[in-house]
Amino acid sequence: MQSETEIKDSISFEDFKVQVLADYKIAVTSRECSLLGRREVLTGKAKFGIFGDGKEVPQLAMAKAFKNGDFRSGYYRDQTFMMAINQFSIEQFFAGLYADTNLENEPMSGGRQMGGHFTTHSLNEDGTWRNLTEQKNSSSDISPTAGQMPRLLGLAQASKIYRNVEGIASENFSENGNEIAWGTIGNASTSEGHFWETLNAAGVLQVPMVLSVWDDEYGISVHARHQTTKESISEIVKGFQRDENNKGYEIIVVNGWDYVALTEAYEKAEKIAREEHCPVLIHVVELTQPQGHSTSGSHERYKNEQRLSWEREFDCNVKLREWILENNISTDEELQDIEKEIKREVREGKKAAWNNYLEPTKTKQKELLAVLSKLAKNTDEKEEVIKLAKDLNGNKEPLKKDLAVTARKTLRLIRKENSEEKSKLLDWLKDFDKSAAADYNSHLFIESNATLQTEVLPEYDDDSTEVDGRIILRDNFDQIFGNKPETLIFGEDAGEIGDVNQGLEGLQAKYGKLRVADVGIREATILGQGIGMAMRGLRPIAEIQYLDYVMYALQGMSDDLATLQYRTKGKQKAPLIIRTRGHRLEGIWHSGSQMGGILNLVRGMHVLVPRNMTKAAGFYNTLLEQDTPALLVECLNGYRLKEKKPTNLAELRTPIGKVETFREGNDITLVSYGSTLRIVAQTAEELSEFGINAEVIDAQSLLPFDLDHDIVKSVEKTNRLLIIDEDVPGGASAYILDKVLNEQNAWRYLDSKPQTLTAKEHRPAYGTDGDYFSKPSAEDIFEKVYAIFNEVNPEEYPAIR
């Protein structure tokens with residue numbers, strides 16, 4: 001076994017020994033961190049722990065095959081791997097447990113995620129891309145089970161695009177598509193739909209992906225017999241195995257405690273994936289979990305003594321140590337010395353991380369105590385202030401929360417006083433709150449919005465004709481793909497037929513099957529393709545055929561895409577555009593509005609609702625100039641409606657976060673968006689015949705919403721407000737009302753109760769009549785507005801019914 005390795009690697013036995021012992025040190029270091037980390041949770045210094053113990057040796061093998069430019073999309077057991085690629089240290093391990101908000105101390109998330117969630121930094125301080133080909137990369141982890149799988153597909157597909165599409169500026173992102181996307185998942189999590197959707201899609205697309213399944217036979221307390229048919233994922237996916245006649249997967253099964261076999265398995269997988277762009281599944285079996293699932297419980301509760309005894313014997317670190325001794329790579333005494341030294345290093349690293357975490361807060365504690373000391377000399381609440389200060393001073397390991405509580409309770413006591421000392425306390429708290437906001441509330445969106453409100457209006461000439469709205473979209477996509485080689489679009493029916501509404505007509509023939517692509521019916525991985533490719537410098541547009549199909553992808557949108565900027569504190573981005581269509585079709589499906597739910601689940605993304613295709617085209621152009629991910633909902637009944645075709649499609653820009661006053665008026669402000677806006681505008685003309693001059697405002701952008709606060713300016717003029725929406729009661733209309741009343745303070749100018757008009761509670765019934773009696777009609781809007789004026793002046797506006 002030794003000689004085979006020597007020949008293969010062409011290195012001396014001494015060099016081989018150095019490599020093995022270096023691996024052993026990493027494995028022992030990772031295990032000691034896990035053991036001590038659990039104790040830190042149980043003593044209360046850390047709140048939760050979920051560790052990689054029992055998975056150390058296979059992760060060492062994976063790290064050996066992992067090259068610069070590669071990407072990991074894994075889960076919360078991969079600490080050994082991160083240590084092995086030199087992206088995770090002992091101090092960073094404990095800084096993550098303590099939720100240190102300093103990115104230099106805790107680069108995984110700046111304290112925003114619990115330990116075990118790993119990332120590398122893809123962006124410079126100014127938000128520009130680093131050279132990802134010169135570093136080892138990890139996409140930011142999420143906790144939801146199997147949620148990392150769809151993104152893994154996109155990370156792998158990016159290599160296929162870079163290898164096969166000409167003209168893309170790939171210098172910072174790819175070396176001829178040679179990069180592998182490495183995924184990891186626990187055996188129980190392969191029960192999830194996201195796993196199966198990704199597994200199938202990667203086999204269809206033939207992308208360079210290596211997917212490792214860490215199999216310790218359990219999912220928390222639930223045994224594999226309850227999780228997986230035949231209790232083995234590799235057994236039940238044998239049909240995916242490639243052969244002479246069919247492309248598919250290479251499937252490898254290997255024991256998780258066998259250092260040599262693991263190294264060979266990952267060498268083989270790397271070669272196949274990197275050179276052939278064939279996906280590989282590695283089922284790593286016979287793994288253990290020495291401390292159970294997490295600090296929430298003990299595995300002794302559900303494992304019998306026979307299993308526990310087997311786990312002690314086949315612990316991968318124990319087996320690696322035995323193999324080292326059996327092959328005379330080291331002695332027991334040398335290994336004991338190594339283990340003793342590592343225990344010391346881990347203890348010292350823990351101590352340093354804790355001190356680094358506490359020091360800034362202790363400094364602020366001293367500042368606050370100095371302010372309170374001076375305040376106590378000049379207040380009627382001297383005794384209470386002294387007591388608060390004494391309690392704070394006695395806290396030897398203060399949290400930021402403790403300081404904030406003390407300062408705010410002090411201000412409560414002296415609320416009736418005015419003094420220089422009170423002003424200093426207010427100043428201290430203002431600075432402290434600002435710092436806390438930077439620590440915990442920043443980076444929800446890309447923080448530069450310079451391009452959001454750059455508007456370029458459509459231009460027309462004497463030759464401009466009215467065309468179907470889809471033609472404007474098609475021709476705008478044509479200029480996008482012609483001018484920006486890094487852009488691509490993919491979705492169900494998006495390719496050969498040019499999407500179901502022909503907004504991409506003819507573009508696949510012009511730009512190729514990789515840039516304008518058909519995909520299978522699998523919305524979660526359509527989204528994942530987009531996320532992964534966007535994380536690697538491409539500008540994908542992921543098409544999800546209808547708005548209600550977005551529900552299949554909503555988990556990934558909410559948990560992964562929308563949170564990426566936030567959970568990495570601005571160190572990763574995925575500027576993905578999600579294209580879909582909805583509104584006002586006549587039936588339960590593809591016609592309802594899920595806006596209220598979407599708006600509350602995808603904070604961190606833009607949500608755009610253009611009323612026509614010219615506005616939509618301008619939004620696409622704007623989005624490609626900025627980096628915040630977005631969902632754009634085209635009007636499903638607008639593709640055949642006539643619009644005048646602009647002569648300046650390439651320059652067209654619809655501003656994000658800016659409303660448009662569609663019709664001016666001075667009696668009431670009517671706010672809507674999308675297809676409903678046309679009905680509102682029509683009704684406004686009918687109202688004018690009855691002496692009611694309505695101002696109609698198109699929201700256009702729901703996230704962000706009316707950044708200039710133009711709606712309150714309208715309400716100040718009209719003194720009345722009605723919001724019309726085809727969502728259910730309490731949906732998007734309630735969101736808009738909250739923005740206008742509570743953020744813009746429009747209540748100050750209202751002479752009538754602000755109201756909303758929405759669809760019914762149920763999905764819209766089928767057919768024209770079903771639509772009419774399910775959603776706001778022109779008559780509904782007219783009567784609602786008229787009733788408001790009937791209340792104001794019943795003589796001039798007598799009740800209609």
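Which residue in S13 is the bridge partner of Ile541? I looked this up before anything else, in what is a predicted model. The partner of Ile541 in S13 is Ile577.

**Entry 1. Strand S12 and its neighbours**

I noted that S12 covers residues 539-543 and that five of its five residues are buried, so the rest of the structure largely encloses this strand. I then sorted its side chains by direction. Arg539, Ile541 and Glu543 point one way from S12, while Pro540 and Ala542 point the other way. Both sets are buried, the charged residues Arg539 and Glu543 included. In general, side chains in a regular strand alternate between the two faces of the sheet.

For pairing I checked both partners. S10, residues 487-491, runs parallel to S12 and pairs with it over five bridges. One contact I wrote down there is Gly491, whose bridge partner in S12 is Glu543. S13, residues 577-582, is also parallel to S12, with three bridges between the two.

**Entry 2. Strand S8**

I turned to S8, residues 280-285, and asked how many of its residues are buried. The count is six of six, and the strand is mostly covered. Val280, Ile282 and Val284 point one way, and Leu281, His283 and Val285 point the other way.

S4, residues 209-214, pairs with S8 in the parallel sense over five bridges. Here I recorded His283 of S8 as the bridge partner of Val213. S7, residues 250-255, is likewise parallel to S8, over six bridges. In that pairing Val284 of S8 stands opposite Val254. I also followed the chain from S7 to S8: with helix H9, residues 259-276, the two strands make a β-α-β unit that is right-handed.

**Entry 3. The five-stranded sheet**

I read the strand order of one open sheet as S17-S19-S18-S21-S22, with mixed pairing. Which strands stand at its edges? They are S17 (660-663) and S22 (755-757); each has a single partner strand, so one side of each lacks a neighbour in the sheet. Ignoring direction, neighbouring strands of this sheet are turned against each other by 30 degrees on average.

At the S22 edge I looked at the pairing with S21, residues 721-724, which is parallel and has three bridges. Ile723 has Thr756 of S22 as its bridge partner. Helix H27, residues 778-792, packs on the sheet and touches S18 (668-672), S21 and S22. I noted that the direction of H27 makes about 160 degrees with that of S22.

**Entry 4. Aromatic rings**

I found a total of 34 aromatic pairs in the structure. I took Phe66 with Trp182 as an example: the ring centres are 6.0 Å apart and the planes are at 45 degrees, so the pair counts as tilted. The pair links distant parts of the chain, with the two positions 116 residues apart. Phe66 is in the loop between H3 (56-65) and S1 (71-73), whereas Trp182 is in S3 (residues 181-186). Phe66 has a relative accessibility of 2% and counts as buried. Trp182 is buried too, at 0%.

I also listed one aromatic cluster, formed by Phe51, Phe88, Phe93, Phe94, Tyr98, Phe118, Trp354 and Tyr357.

Two charges over rings went into the notes. The charged end of Arg112 sits over the ring of Tyr566 at 4.3 Å from its centre. The charged end of Lys319 sits over the ring of Trp257, with 5.4 Å to its centre.

**Entry 5. Backbone details**

I checked the peptide bond from Leu703 to Pro704 and found it cis, with omega near -5 degrees. Pro704 belongs to the loop between S20 (701-703) and H24 (710-718).

I then looked at positive phi values outside glycine. Ala146 has one of about 70 degrees, and its place is the loop between S2 (137-138) and H6 (148-164). Asn328 has one near 55 degrees, in the loop between H11 (316-326) and H12 (332-376).

Is each of these residues buried or exposed? Ala146 is buried, because its relative accessibility is 2% and the cut-off for buried is under 20%. Asn328 is exposed, because its relative accessible area is 63% and exposed means over 50%.

Methods
Residues are numbered from 1 along each chain as its sequence is written. This is a predicted model: local features need pLDDT of at least 70, side-chain atom pairs count only at pLDDT 80 or more; totals for chains, interfaces and linings use all residues. Side-chain values use heavy atoms; hydrogens and water are left out. Buried means under 20% relative accessible area, exposed over 50%, partly exposed in between (1.4 Å probe, protein chains only). Helices (H or I, at least four residues) and strands (E, at least two) are DSSP runs, numbered from the N terminus. Two strands pair if DSSP finds at least two bridges between them. A crossover is right-handed if, with the strands pointing away from the viewer, the path from the first strand over the helix to the second runs clockwise. Rings of Phe, Tyr and Trp (its six-membered ring) pair if their centres lie within 6.5 Å; planes under 30 degrees apart count as stacked, over 60 as edge-to-face and the rest as tilted. A charge sits over a ring if NZ of Lys or CZ of Arg is within 6 Å of the ring centre and within 35 degrees of the ring normal. Axes are lines fitted to C-alpha atoms, for helices over the stretch in contact, and angles run from 0 to 180 degrees between N-to-C directions. Contact means heavy atoms within 4.5 Å.
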